[in-house]
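Dear colleague,

I am handing over the structure we spoke about, and below it you will find my notes on what turned up when I went through it. Please read them with the coordinates open beside you.

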Amino acid sequence: MRYKGKVYRPPSEAYSLIVQVTYGCSHNKCAFCDMYDDKHFAMRPMDEIREDFELARRVYRRVERVFLADGDALMRKTADLVEILGLVYGLFPECERVTCYASPTSLQIKSEDDLRLLRSKGLQMVYMGLESGCDAVLEKMQKGHTAADIVAAGQKARRCGLALSVTAISGLGSVEHWREHAVDTARAVSEMKPDYLGLLTLMVEPGTPLEKWVREGSFTLLSPLEVLKETELFLQHVDSEGTVFRANHASNYLTLKGTLNGDRDTLLGQIAAALEGRRDLKPEFLRAL
Ligand code: SF4
């Protein structure tokens, strides 16, 4: 495969064929993020996309999952995406699912008819970043959307039959807003009821505005135990029956896995054990994105 710049995929796409159909992120301004700072958002030429899929067909015996990269593949025209999905399922009849990242903007732009059409052509799931349900945090982090915008985009995806995987970031509210961040994120998740929720923990990436704020002292990072207190508060407030909850990312201090709401008490018990020192936390040097 030919890739331009750094390529990211959700942890659950570790065994997927990844092909860039766009380059970069359509927003590319979040204060904590350096994922796509090496490229401008652009559409990849369709003939290159076709060549990569044809090459993959020659190389791989079975391709069961395909992830369309980069950061906001849903921004591509619906007709292009329909063509790409046709290409994927034509070349790989064994393919079981195609997924991509989507932004609140691309979900807003697409009509419900477009989203339903894409679902019918085999786009199963979109991954969308909520980051926080707290507007003050979203504004500080230059997310470009209010929590209500993001919730509406997630609800629209689900209404159109797409599975929805959402990420939020613990620690993003700093010491100033950690309670609002926890409670408002719980509310936003409860309103969307995504199929999956990934809770990452804030990492400070060199060269980002966040790194500058931390260095200058205007943003105070939560300690590992404060991050756990925040996650505890989130779990106490969230109501999202059936959502698969995962805090098992390389950035998390404590690995948590369960299904809401049923596993809430178990998860809270695991956090309590860690807060009381009965469970070890991941050391700082092992954390990564
Ligand atoms: S967090 Fe997501 S939306 Fe924000 S700049 Fe990074 S990739 Fe783009």
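In the lining of the largest cavity, helix H9 gives the most, with three residues. Please keep in mind throughout that this is a predicted model. Strand E8 (196-201) and helix H9 (224-237) each supply at least two residues of that lining, which as a whole consists of Ser 170, Leu 199, Thr 201, Val 227, Leu 228, Thr 231, Ala 247, Asn 252, Tyr 253, Leu 254 and Leu 256. By class, the lining of the largest cavity divides into seven nonpolar and four polar residues, with no charged ones, and the space inside this cavity comes to about 70 Å³.

The count of cavities of 30 Å³ or more is three, and the second largest of the cavities has a volume of about 50 Å³. Its lining is made up of Ile 169, Ser 170, His 181, Ala 182, Thr 185, Leu 199, Glu 230, Thr 231 and Phe 234, with strand E7 (163-170), H7 and H9 as the elements that give two or more residues to it. Here the division is four nonpolar, four polar and one charged.

Turning to the packing, the largest nonpolar core has 65 residues, and those with the most contacts inside it are Phe 53, Leu 68 and Phe 245. Helix H7 (residues 174-192) gives the most to this core, with six residues. Leaving aside neighbours within four places in sequence, Phe 245 is in contact with ten residues that you can pick out in the model, namely Leu 197, Leu 199, Phe 234, Leu 235, Leu 256, Lys 257, Gly 258, Thr 259, Leu 260 and Leu 267. A second, separate core of 12 residues includes Ala 31, Val 137, Ile 169 and Trp 213.

The ligand is surrounded by Cys 25, Asn 28, Lys 29, Cys 30, Phe 32, Cys 33, Tyr 36, Glu 131 and Lys 143, a shell that holds five nonpolar, one polar and three charged residues. Asn 28, in this shell, lies in the loop between strand E2 (22-23) and E3, and has a positive phi of about 60° although it is not a glycine.

Some further points of backbone geometry deserve a look. Most residues other than glycine have a negative phi, and most peptide bonds are trans. Gln 142, in the loop between helix H5 (135-140) and helix H6 (147-159), has a positive phi of about 60°, and with a relative accessible area of 35% this residue is partly exposed. The peptide bond from Ala 69 to Asp 70 is cis, with omega near 0°, and Asp 70 lies in the loop between strand E4 (65-69) and helix H2 (78-91). The bond from Leu 260 to Asn 261 is also cis, with omega near -10°, and Asn 261 is found in the loop between strand E10 (256-259) and helix H10 (264-275).

Lastly, two individual residues. Glu 232, in helix H9, counts as buried because its relative accessible area is 16%, under the 20% cut-off, and apart from residues up to four places away in sequence it touches Leu 268, Ile 271 and Leu 275. Met 43, in strand E3 (residues 42-43), is partly exposed at 38% relative accessibility, and, with the same sequence neighbours left out, Met 43 touches Val 21, Thr 22, Met 75 and Arg 76.

With best regards

Conventions. Residues are numbered from 1 along each chain as its sequence is written. This is a predicted model: local features need pLDDT of at least 70, side-chain atom pairs count only at pLDDT 80 or more; totals for chains, interfaces and linings use all residues. Side-chain values use heavy atoms; hydrogens and water are left out. A residue is near a molecule or strand if one of its heavy atoms lies within 4 Å of it. Ala, Val, Leu, Ile, Met, Phe, Trp, Tyr, Cys and Pro count as nonpolar, Asp, Glu, Lys and Arg as charged, and the others, Gly among them, as polar. A nonpolar core is a set of buried Ala, Val, Leu, Ile, Met, Phe, Trp, Tyr and Cys residues joined through side-chain atoms within 4.5 Å. Buried means under 20% relative accessible area, exposed over 50%, partly exposed in between (1.4 Å probe, protein chains only). Helices (H or I, at least four residues) and strands (E, at least two) are DSSP runs, numbered from the N terminus. Contact means heavy atoms within 4.5 Å. On a 1 Å grid over the protein atoms alone, a cavity is a set of points where a 1.4 Å probe fits but cannot get out, and a pocket is an open set with protein on both sides within 12 Å along at least five of seven lines; lining residues have an atom within 4 Å of a point. Grid points are joined across faces, edges and corners, and a volume is the space filled by probe spheres set on the points.
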